[in-house]
Amino acid sequence: MATPELETARLLLKPLASEDATHIQRIFPRWEIVRYLIASVPWPYPEGAAQHYVDNVALAANRAGEGWFWTLRRKADPAELMGVICLMSTPDNNRGFWLAPEWQGQGYMTEACHAVNDYWFNVLDRDVLRAPKAVANARSKKISERSGMRLVRRQKGQYVAGELDTELWEITRDEWNNLYR
């Protein structure tokens with residue numbers, strides 16, 4: 001299923017495209033963004049890494065029906081890419097995101113998560129959404145809490161910042177729809 005454009009009150013979630021890699025390469029390689037991402041993200045972030053990721057990881061997963069990736073853009077300035085959010089069929093890792101620091105703390109990622117969570121449950125017809133996160137990533141944890149997710153497991157995880165305590169959060173389709181439908 002092709003990734004559709006989604007819309008929230010303030011955002012356009014546009015399907016990730018190869019041409020977005022140039023913008024990602026410019027804004028993504030910052031410690032504030034990458035430190036809590038999985039260890040497979042190269043750091044320091046090399047030139048051309050965004051193009052490789054978009055073309056060979058994200059878009060490949062989309063073509064295989066295993067991943068759905070969007071860029072986040074404000075309706076007020078749709079040319080400016082603020083971050084990326086994705087859904088994946090990976091066990092215990094169904095949603096991931098990053099947002100440039102200058103846009104954090106304004107509720108944008110909460111809006112984006114609400115839209116993609118609803119897509120996961122009510123378009124893709126999935127039963128449960130699980131999202132791992134570093135315990136130290138307090139902002140990400142708050143997004144999960146605000147969206148009705150619950151903590152199901154603690155473990156260690158490998159991140160760009162090294163081995164960190166990790167929490168796995170989840171919500172079921174019934175729980176989601178009881179809260180938001």
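**Exercise 1. Salt bridges of the model**

Task: State how many salt bridges the structure holds, and give the closest N to O distance for the pair K75 and E7.

Solution.
Step 1. This is a predicted model, and 18 salt bridges are found in the structure.
Step 2. In the pair of K75 with E7, the closest N and O atoms are 2.8 Å apart.
Step 3. K75 sits in the loop between strand 3 (67-74) and strand 4 (77-90), while E7 belongs to strand 1 (residues 6-7), so this salt bridge ties together parts that are 68 residues apart in sequence.
Step 4. The accessibility of each partner follows from the cut-offs: under 20% is buried, over 50% is exposed, and values in between are partly exposed. K75 has 33% relative accessibility and therefore counts as partly exposed. E7, with a relative accessible area of 55%, is exposed.

**Exercise 2. Two further pairs**

Task: Which residue does K14 meet in a salt bridge, and in which elements do D125 and R173 lie?

Solution.
Step 1. The side chain of K14 meets that of E5, with an N to O distance of 3.1 Å.
Step 2. K14 is partly exposed at 27% relative accessibility, and E5 is also classed as partly exposed, at 42%.
Step 3. D125 and R173 form a salt bridge through their side chains, at 2.8 Å from N to O.
Step 4. D125 is in the loop between helix 4 and strand 6, and R173 is in helix 6 (residues 173-180); the two residues are 48 apart and the pair links distant parts of the chain.
Step 5. D125 has a relative accessible area of 53%, which means that this residue is exposed.

**Exercise 3. The network around E170**

Task: Which residues are linked with E170 in a network of salt bridges, and is E170 buried or exposed?

Solution.
Step 1. The network of salt bridges links E170 with D92, R130, R150, R153 and E175.
Step 2. E170 is found in strand 8. Its relative accessible area is 8%, so E170 is buried.
Step 3. Two polar contacts involve the E170 side chain: one joins it to the side chain of R130 at 2.6 Å, and another to the side chain of R150, again listed at 2.6 Å.
Step 4. Leaving aside residues up to four places away in sequence, E170 touches V128, L129, R130, M149, R150 and V152.
Step 5. As background, side chains of opposite charge can pair when their charged atoms come close.

**Exercise 4. The sheet that holds strand 8**

Task: What is the strand order in the open sheet of 3 strands, and which strands stand at the edges?

Solution.
Step 1. The order is 6-8-7, and the pairing is antiparallel.
Step 2. Strand 6 (128-134) and strand 7 (150-159) are the edge strands; each has a single partner strand, so one side of each is left without a neighbour in the sheet.
Step 3. From one strand to the next, the twist averages 25°.
Step 4. Strand 6 runs antiparallel to strand 8 (residues 162-172), and 7 bridges join the two. Within this pairing, V128 has T172 of strand 8 as its bridge partner.
Step 5. Helix 4 (residues 108-122) packs on the sheet and touches strand 6 and strand 8; the helix direction makes about 140° with that of strand 6.
Step 6. Helix 5 (residues 138-146) packs on the sheet too, touching strand 6 and strand 8, and its direction makes about 15° with that of strand 8.

Terms used: Residues are numbered from 1 along each chain as its sequence is written. This is a predicted model: local features need pLDDT of at least 70, side-chain atom pairs count only at pLDDT 80 or more; totals for chains, interfaces and linings use all residues. Side-chain values use heavy atoms; hydrogens and water are left out. Two strands pair if DSSP finds at least two bridges between them. Helices (H or I, at least four residues) and strands (E, at least two) are DSSP runs, numbered from the N terminus. Axes are lines fitted to C-alpha atoms, for helices over the stretch in contact, and angles run from 0 to 180 degrees between N-to-C directions. Contact means heavy atoms within 4.5 Å. A salt bridge is a side-chain nitrogen of Lys or Arg within 4 Å of a carboxyl oxygen of Asp or Glu. Buried means under 20% relative accessible area, exposed over 50%, partly exposed in between (1.4 Å probe, protein chains only). A polar contact is a pair of N or O atoms within 3.5 Å; within protein, one must be able to donate a hydrogen and the other to accept it, and residues adjacent in sequence count only if both atoms are side-chain atoms.
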